[in-house]
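Me: I would like to learn how to read a fold step by step. Could you take me through this one, starting with the sheet?

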Amino acid sequence: ASMCKMGEAGYVATTREIVGATRKIARGIPEIRGLKLVGRSDICCVAFDGVEGSGISCYAVADCLKQQSKWDLQTCQNPPCAHLALTLPTAAHADLFLADLAKAVETVKQEPAEKFSATAGMYGMAGS
């Protein structure tokens, strides 16, 4: 349906923009102290977790991003990670996402753990 509406050239251009933004975010995540990339970010999904020993919970970061910046990330339990699925509107804001992510990581480091525990609590219950 997308190719019919945009034509092949439009579809290819859109795909390039989404993949480019995905790769930009994937390169930026390890540059944020305490975060690591999880899995491969080949097409349109980027996942991250806290580096072991950093004390950063991907669930707390996802909750903080939602509260502070209205980013709605999805989370996984095994392996633990938060991920962003990119679409054309999201791809246009890759730089903003990285800036908001870095800010959220700093906030999570400074705030009490229970402030950003909604998702972590859910996964704690699911694992028991």
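**Reading the sheet and its surroundings**

Reply: Happy to. In this predicted model, four strands make up an open sheet with the order S1-S2-S4-S3, and their pairing is antiparallel. Strand S1 (35-38) and S3 are at the edges with a single partner strand each, so one side of each has no neighbour in the sheet. On average, neighbouring strands of this sheet are turned by 35 degrees against each other, direction ignored.

Me: What holds paired strands together in general, and how many bridges join S1 and S2 here?

Reply: The general idea is that strands of a sheet pair through backbone hydrogen bonds, in a parallel or an antiparallel way. Here S1 and strand S2 (residues 45-50) are antiparallel, with 4 bridges between them. To see one position, look at Leu37, which stands opposite Phe48 in S2. Helix H1 (residues 2-28) packs on the sheet and touches S1, S2 and S4, its direction making about 10 degrees with that of S2.

Me: And on the other side of S2, which residue of S4 is the bridge partner of Phe48?

Reply: That is Ala82. S2 and S4 also pair in the antiparallel sense, over 4 bridges. As for cover, 5 of the 6 residues of S2 are buried, which leaves this strand mostly covered.

Me: Let me try a residue in S4. Is His83 buried or exposed?

Reply: Start with its place: His83 sits in strand S4 (residues 81-85). Its relative accessible area is 18%, and the cut-off for buried is under 20%, so His83 counts as buried. Leaving aside residues up to four places away in sequence, His83 touches Cys45, Val46, Ala47, Leu73, Gln74 and Cys76.

Me: Now the backbone. How should I read phi and omega values?

Reply: As a general guide, most residues other than glycine have a negative phi, and most peptide bonds are trans. With that in mind, look at Lys70, a residue other than glycine whose phi is positive, near 70 degrees. Lys70 lies in the loop between helix H2 (58-69) and S3. It is exposed, with a relative accessible area of 67%.

Me: Where does a glycine take a positive phi in the hairpin of S1 and S2?

Reply: At Gly39, where phi is near 75 degrees; that hairpin has 6 residues between its strands.

Me: Which peptide bond is cis?

Reply: Look at the bond from Asn78 to Pro79, which is cis with omega near 5 degrees. Pro79 belongs to the loop between strand S3 (74-76) and S4.

Me: Stepping back, what pattern does the protein follow along the sequence?

Reply: The pattern is α-β-β-α-β-β-α-α-α, from 5 helices and 4 strands. The C-alpha trace spans about 50 × 30 × 25 Å along its principal axes. Of the 128 residues, 39% count as buried.

Me: How do I judge the share of contacts between residues far apart in sequence?

Reply: Take the contacts with a separation of 6 or more: residues 24 or more positions apart account for 56% of them.

Me: Last, what about the surface and the charges?

Reply: The accessible surface comes to about 7500 Å², and 55% of it belongs to carbon and sulfur atoms. There are 13 positive and 13 negative charges, and their mean positions are 4 Å apart.

Technical notes
Residues numbered from 1 in each chain as written. Predicted model: local features only at pLDDT ≥ 70, side-chain atom pairs only at ≥ 80, totals over all residues. Heavy atoms only, no water. Helix = DSSP H or I, 4+ residues; strand = E, 2+ residues; numbered from the N terminus. Buried < 20%, exposed > 50% of the residue type's maximum accessible area, 1.4 Å probe, protein only. Contact = heavy atoms within 4.5 Å. Areas by Shrake-Rupley, 256 points an atom, 1.4 Å probe, with all protein chains shown as cover. Lys, Arg positive; Asp, Glu negative; His and termini not counted. Charge placed at Lys NZ, Arg CZ, Asp CG, Glu CD. Pairing = 2+ DSSP bridges. Axes fitted to C-alpha atoms, helices over the stretch in contact; angles between N-to-C directions.
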